[in-house]
Amino acid sequence: MSNSARAALDAKVLAWMREPASIAWPQEEERFDRLARELFAFQFERCAPYGRFCARRGRTPATVQSWRDVPPVPSGAFKELALRSFAPEATVHVFRTSGTSATRRGQLYLDTLALYEASVLPSFVVHVLPELVRGSLFGQSASRPRLRVLAPAPLEAPDSSLSHMFGVLLRELASKGAIGPSGFDVAGGELRFEGWLSALEDAMAHDAPLVLCGTAFAFVHALDELARRGARLALPAGSRVMETGGFKGRARELSREALYALIEERLSIAPARVVNQYGMTELASQFHDSVLRFPGAPRRKLAPPWARVRLVDPATGDEALPGEVGVIVIHDLGNTGSVCAVETADLGRSIGDGFEVIGREPGAEARGCSLAADEMLTGLGPA
Amino acid sequence: MSTASAENVAAALTRVRHAGVALRARSRAQILDSLAQVLDRWRDPTSKARLSLDLALPEATGFSREVVRAGLAHALEGWTGDALRAVVQRELGKSAGVGEDECTFAGGFETTSVLLAGALPSPTLLAILAPLAVGSPVLVRTSSSDPVTARVVAASIAEVDPGLGACVEVVRFPAGDLAALDALLSADCVVASGSDATIGAIAARIRPGRRLVAYGHRASVAVVGPLALTPSALPETCQRLALDVALWDQLGCLSPLAVYTVAADRSAGGDLAAALASALAEAELRLPRGRIAISAGAAFARARAEAEVRAAAGRSVAVYGSPRDPWCVVSEDSPEPREAPLYRFVRIHPVADLAALSSELGPLAPSLAAVAVSGFGTDSRSAAQRLADLGASRVCAPGRMQAPPLGWHHDGQGILTPLCRFSDLELD
């Protein structure tokens, strides 16, 4: 397949991403299936390791009858090799997973940021700012919302896909005049608490709803500092939180419920207005909690129309029964330059039209006295 | 067995403390005779204890019935009454109370509590017998993954010797019940098994002056030299290794996580991997793998798929077994350690020579338990010495990893001496 085939694929996916998003946002199964199989055929040919991996499993463009047949690569494979469907010299950007010097970091090579960036805004708007889609007010306020980000800016963390995503959101929302004064509140690797607090107080003074975004552990730091000062903020009506990421390797861990309770206690934002975003460096698309898009309905994570989630029984490779726990496998048409099907290291469970993430439960060490795998590798230094 | 409250645990400790008075009044030889009988009964596959475990352990722990049967038969093979007496003699010598003129006296603590971990039954048996052998009554907290074995051990002791049976109490309480834990930790000697984090948490709660005997999580490997890699030797080498892997589904600290092939020819690893894969497939027929939690199954499948990707990327990595097989062998192209998903997932790593092996295993040394060694001919002793120098507490032949002698120096310690108070009597 030629570069023009790739360009044509990118154009089709981009066109889909740029169509007006809606609360209903139809999934368009037939369109997804057709594009997914086209993309698989392209990546089978152009990403040689992936092609051989699939062939070994008996999956080729001739045998794959549905997007569900497309073999996923484990996310750990991005730590092992450059999974790209383009020439190395065409690389324009590399996103890397977080990690320490003692661990390998996963890398997503990109020859264009167009799809990555195009996928960010509609998902965010539909799930975090659905008023923009509905054409309604943010709470009682006629003011534009302000977006504060508890994560480093892209210039400070150029290989962080999360920072890049927030940078795109601020840029795009500001260019559309959808948000008021907004910005990043982590710099030099530290939370700029005073700046964050004064931005919140200024928004309160102007009755401008706040959209507080950031990593879960950054929220914990900010909330701890508020608690230390005995501060409780009554943020303007319509304010909300979007948090993402976990606590692995952090000094303090909180359950999601405890985090949401703290957010409510210190920021007066109810759990029903807190959206968790599930994303990975290895993927172009993100998945968001449904609570603002479908208020009152059960919380579950929803995918944009150009992505799908399967829950797979690891013992058989078959799809888990509805409601049963399985490994989360994501098929993301936004990944045209790498591999579109990725098996995550997370377990999940389907809930209606969405899913929930259960996390990574300890397992193997529970029954034996053998040193757990992670523990064994921890002491071994840089890999 | 119902869940014990802190008060229940404290009461149980008081009961064994009282029972210990009578225990200490008995001669050690008499106690050893009873414990020897217990061991001899356990070695009989038709004994009540063994039949109880056959019935209850698979459901409780997830191991298949065949693995429970074969694993116990293997583990208890050399655990005779005479072996116990030999261990007592070796570790305590005259201080064991055999002679009249000893100048060192060894005695167990007034009470010993044991916190069990994991689901392997033979360590539970020994953990309960050892304090009794030195004259200390025992309070045992069962592990969450095996609520069965400790009770069966206690019952079999009581059956042989009711007085000795009164010196064993078994309790069960949730991991988060710190009051119950503190009651257990108020024993004079505490024996704990678990991860470094678990041991650290327990150590922090023990009052000064109490003895803590800790057994951490450990890892084992196998090392195969050129003589065991020849076409004629390979099948037997791999059958033995497959047994070491299959027993207890590779979850024990004596289960080999990886096999290092020491050979100038790097293709030797591939040959061994293929033969080991066949042997594991055969082992599955006799010793089927047990239950596997979905999270562990996911880790297993992911590690396998990641190896497939490395192979597809052109590295000299080969994966044996299909995604649906309950075992996997990966022939790696370097000695670099990788994640060990357990549940019969074996990596084969090439190393050029024994010096390189020492270097590769160095970082693992603090956690090294057993190493199976084969195929070094006249160099076997020097190979074993190198591994002992690294920190391995046991070097044995393939096929013997799951059958440690009763007196194996678990974690490099004696079985009995850590449980004793020694008094040197320097009288004229």
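## A glycine after helix 7, and its surroundings

Just past the end of helix 7 in chain A, A:G177 adopts a positive phi of about 70 degrees. Please keep in mind that this model is predicted. Below we look at helix 7, then at a pair of helices, and finally at one residue of chain B.

**Helix 7 of chain A**
- Helix 7 covers residues 161-175, and at 1.5 Å a residue its 15 residues should span 21 Å; the end C-alpha atoms are indeed 21 Å apart, so the two values agree.
- Its buried residues are A:S161, A:L162, A:S163, A:H164, A:M165, A:F166, A:G167, A:L169 and A:L173.
- Those buried residues pack against helix 5 and against strands of chain A, including strand 2 (93-96) and strand 4 (146-152).

**Helices 1 and 5 of chain A**
- Helix 1 (residues 3-18) packs against helix 5 (residues 114-128) at an angle of about 20 degrees, and their axes are 9 Å apart.
- Angles under 35 degrees count as roughly parallel, and the two helices are therefore roughly parallel to each other.
- Helix 1 passes helix 5 in a left-handed crossing.
- On the helix 1 side, the contact is made by A:D10, A:V13, A:L14, A:M17 and A:R18, while helix 5 brings A:A114, A:L115, A:A118, A:S119 and A:P122.
- Sorted by class, this contact has 7 nonpolar, 1 polar and 2 charged residues.

**B:I294 in chain B**
- You can find B:I294 in helix 13 (residues 294-312) of chain B.
- B:I294 is partly exposed, with 19 other C-beta atoms within 10 Å.
- Leaving aside residues up to four places away in sequence, B:I294 touches A:P314, A:V325 and A:L347.

Methods:
Residues are numbered from 1 along each chain as its sequence is written. Chains are lettered from A and ligands numbered from 1 in the order in which they are written. This is a predicted model: local features need pLDDT of at least 70, side-chain atom pairs count only at pLDDT 80 or more; totals for chains, interfaces and linings use all residues. Axes are lines fitted to C-alpha atoms, for helices over the stretch in contact, and angles run from 0 to 180 degrees between N-to-C directions. Helices (H or I, at least four residues) and strands (E, at least two) are DSSP runs, numbered from the N terminus. Angles under 35 degrees count as roughly parallel, over 145 as roughly antiparallel, 65 to 115 as roughly perpendicular and the rest as oblique. A crossing is left-handed if the near helix is turned anticlockwise from the far one by less than a right angle, and right-handed if clockwise. Two residues are in contact if their C-beta atoms, placed from the backbone, lie within 7 Å. Ala, Val, Leu, Ile, Met, Phe, Trp, Tyr, Cys and Pro count as nonpolar, Asp, Glu, Lys and Arg as charged, and the others, Gly among them, as polar. A residue is buried if 20 or more other C-beta atoms lie within 10 Å of its own, exposed if 12 or fewer, and partly exposed in between; C-beta atoms are placed from the backbone. The expected span of a helix is 1.5 Å times one less than its number of residues.
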